[in-house]
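Dear colleague,

I am handing over the structure that you will find just below, and after it I have set out what was found. Please read the notes with the structure open beside you.

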Amino acid sequence: MKNERYELNKELAQMLKGGVIMDVTNAEQAKIAEKAGACAVMALERIPADIRAAGGVSRMSDPRLIKEIQSAVTIPVMAKVRIGHFAEAQILEALEIDYIDESEVLSPADDIYHINKHDFQVPFVCGAKNLGEALRRIDEGASMIRTKGEPGTGDVIQAVKHMRLIQSEIRNLVATREDELFNKAKELQVSYDLVKYVHENGKLPVVNFAAGGVATPADAALMMQLGAEGVFVGSGIFKSGDPAKRAAAIVKAVTNFKDPLVLAEVSENLGEAMVGINEEEIELLMRERGE
Amino acid sequence: MKIGILALQGAFIEHANMLQALNVDSFEIRQKKDLNQPMDGMILPGGESTTMYKLLVDLDLFDSVKEKIQQGLPVFGTCAGLLLLAKTVHNHSNPYIQTMDIIARKNAYGRQLGSFRTIGTFAGIENVPFVFIRAPYIEQVGDGVEVLAIIDDKIVAARQDNQLATAFHPELTKDLTIHRYFIEMCKKQ
């Protein structure tokens, strides 16, 4: 039964593939996102760029806000909890959230342990910057993975780095001799079964999205060409000049990520992109949270 | 035999894998020019119906897809694909392709916690695995619509001439029954 629930949760992520999941902070933004073609929304009080600007401790959103967003749209609604904060996760499960993001964007609640996601019926997505992190989260019960990137920066460099690293580590694992897999499992600090799965299938056992710094249709297409199965866009949409137009453009770019003509067309006249912060200007490195 | 799979968003690769297991060729439909390829049938996969509808319109595929279905091209919609085909989606204001005379309900089983799997009977074939992910069901069918599967008194699969729709996802299982049924439809057309 428990296993069956996990399968269903992985399968919901399969339905999100080829889509864009957008951060929204109220019902009105959620409707804009749905209308623009988002395949799901992430409900949160402040988008990552504003979390960065405000500083302080960042926590799970007010359940009332989440409920308002749930009743505003028919697409899946996700929400974030702090790393290790299983009580916040219990609250989101009680709200029948469609996906929980145990996220480094919020202030971590535990500097050692992630949530035991096997204890929950609702699905979890977690961030990762390398294969070991991705597989450890899956061992803990995550049914979807995304790159960490560097949220709220509008700078795609970290998402690119993480996706490239995960993909190249997967390729290396495929090429690894079978009798060396046991040691690989030790190195990665994950179960042998997971290492064997990746070795045999050449991919993670769950869907893998890009996240953290995606701001333009070209960014989204870049991540898809690097092997992402879909894209999270956080601050990039509602921090830009024309959110509805930019959102729709990113949706189209993800569908036709291999066609430069379509990408050129949708990139035209989008108004101002989010200003963004360069990697070296960042004081708070969210990606270092939760290994 | 060649099947076009709408590949705007969602679980379209899973359908291609099922067809491959049946030795049937397929191709992805992402743009209008993809519709120029000859095809013997079309699959509308699972995913988000609002996303797919938006992309059908924005990428100027909508009219051509609807026309092909109206002209008799065999079509198979799963979950979101069912919603796209339905004449009416009870709790949703957007009109979609509306070629199939059924009234459907979106997210009929609730949110993700309501997703489930079960074993059912499809067109008289027993023991077929059904996977429901935030699934719709069919509330009502018009004349000329054949009901193919019922779970807990709810219609979850139906056919109207060249159109086949399931509320569940056969492409998430290893059971080829329903894809085989669809390929037979395509052969007879």
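I begin with a single residue of chain B: B:D60 sits in the loop that runs between helix 2 (49–58) and helix 3 (62–70) of that chain. Please keep in mind throughout that this is a predicted model. Although B:D60 is not a glycine, its phi is positive, at about 60°. With a relative accessible area of 41%, B:D60 is partly exposed, because that value falls between the 20% under which a residue counts as buried and the 50% over which it counts as exposed.

B:D60 is also one of the residues touched by B:K32, whose contacts, leaving aside residues up to four places away in sequence, are B:L59, B:D60, B:L61 and B:S64. B:K32 itself is placed in another loop, the one between strand 2 (25–29) and strand 3 (41–44) of chain B, and at 39% relative accessibility B:K32 counts as partly exposed. For a sense of distance across the chain, the C-alpha atoms of B:K32 and B:L113, which are 81 residues apart along the chain, are separated by 37 Å.

A further residue of chain B with a positive phi that is not a glycine is B:R134, where the angle is near 40°. B:R134 belongs to the loop between strand 8 (125–132) and strand 9 (137–141) of chain B. Is B:R134 buried or exposed? At 7% relative accessibility, B:R134 counts as buried.

Turning to chain B as a whole, you will find five helices and twelve strands in it. A compact globule of 189 residues would have a radius of gyration near 16 Å, and the 15 Å computed for chain B agrees with this. Along the principal axes, the C-alpha atoms of chain B fill a box of roughly 40 × 40 × 30 Å, and 61% of the 189 residues are buried. Among the contacts in chain B with a separation of 6 or more, 64% are accounted for by residues 24 or more positions apart. The accessible surface of chain B comes to about 7,300 Å², and 42% of that belongs to carbon and sulfur atoms. As for charge, chain B carries 19 positive and 21 negative side chains, with the centres of the two sets lying 4 Å apart.

Chain A can be described in a similar way. There are 13 helices and eight strands in chain A, and its C-alpha atoms fill a box of roughly 55 × 45 × 35 Å, taken along the principal axes. What radius of gyration would a compact globule of 291 residues have? The expected value is near 19 Å, and chain A, with 18 Å, agrees with it. Of the 291 residues of chain A, 62% count as buried, while residues 24 or more positions apart supply 66% of the contacts in chain A with a separation of 6 or more. Chain A exposes about 11,500 Å², with 48% of this supplied by carbon and sulfur atoms. Its charged side chains are 34 positive and 45 negative, and the centres of these two sets lie 1 Å apart.

Within chain A, helix 8 (residues 181–188) deserves a look, and its buried residues include A:L181, A:A185 and A:L188. Viewed down the axis of helix 8 of chain A, the buried residues fall within an arc of 75°, so they line one face of the helix. These buried residues pack against helix 6 (131–139), helix 7 (157–175) and helix 9 (192–201) of chain A. On the face of helix 8 of chain A turned away from the buried side you will find the exposed residues A:K186 and A:E187. Just after helix 8 of chain A comes A:Q189, which takes a positive phi of about 60°.

The last residue I would point out is A:N9, which is found in helix 1 (residues 2–16) of chain A. A:N9 is buried, with a relative accessible area of 3%. Which residues does A:N9 touch, not counting those up to four places away in sequence? The contacts of A:N9 are with A:Y99, A:Q121, A:V122, A:P123 and A:S143, together with B:Q112 from chain B.

With kind regards

Definitions and conventions:
Residues numbered from 1 in each chain as written. Chains lettered and ligands numbered in written order. Predicted model: local features only at pLDDT ≥ 70, side-chain atom pairs only at ≥ 80, totals over all residues. Heavy atoms only, no water. Buried < 20%, exposed > 50% of the residue type's maximum accessible area, 1.4 Å probe, protein only. Helix = DSSP H or I, 4+ residues; strand = E, 2+ residues; numbered from the N terminus. Arc of directions from axis to C-beta. Contact = heavy atoms within 4.5 Å. Rg over C-alpha atoms; globule rule 2.2 N^0.38 Å. Areas by Shrake-Rupley, 256 points an atom, 1.4 Å probe, with all protein chains shown as cover. Lys, Arg positive; Asp, Glu negative; His and termini not counted. Charge placed at Lys NZ, Arg CZ, Asp CG, Glu CD.
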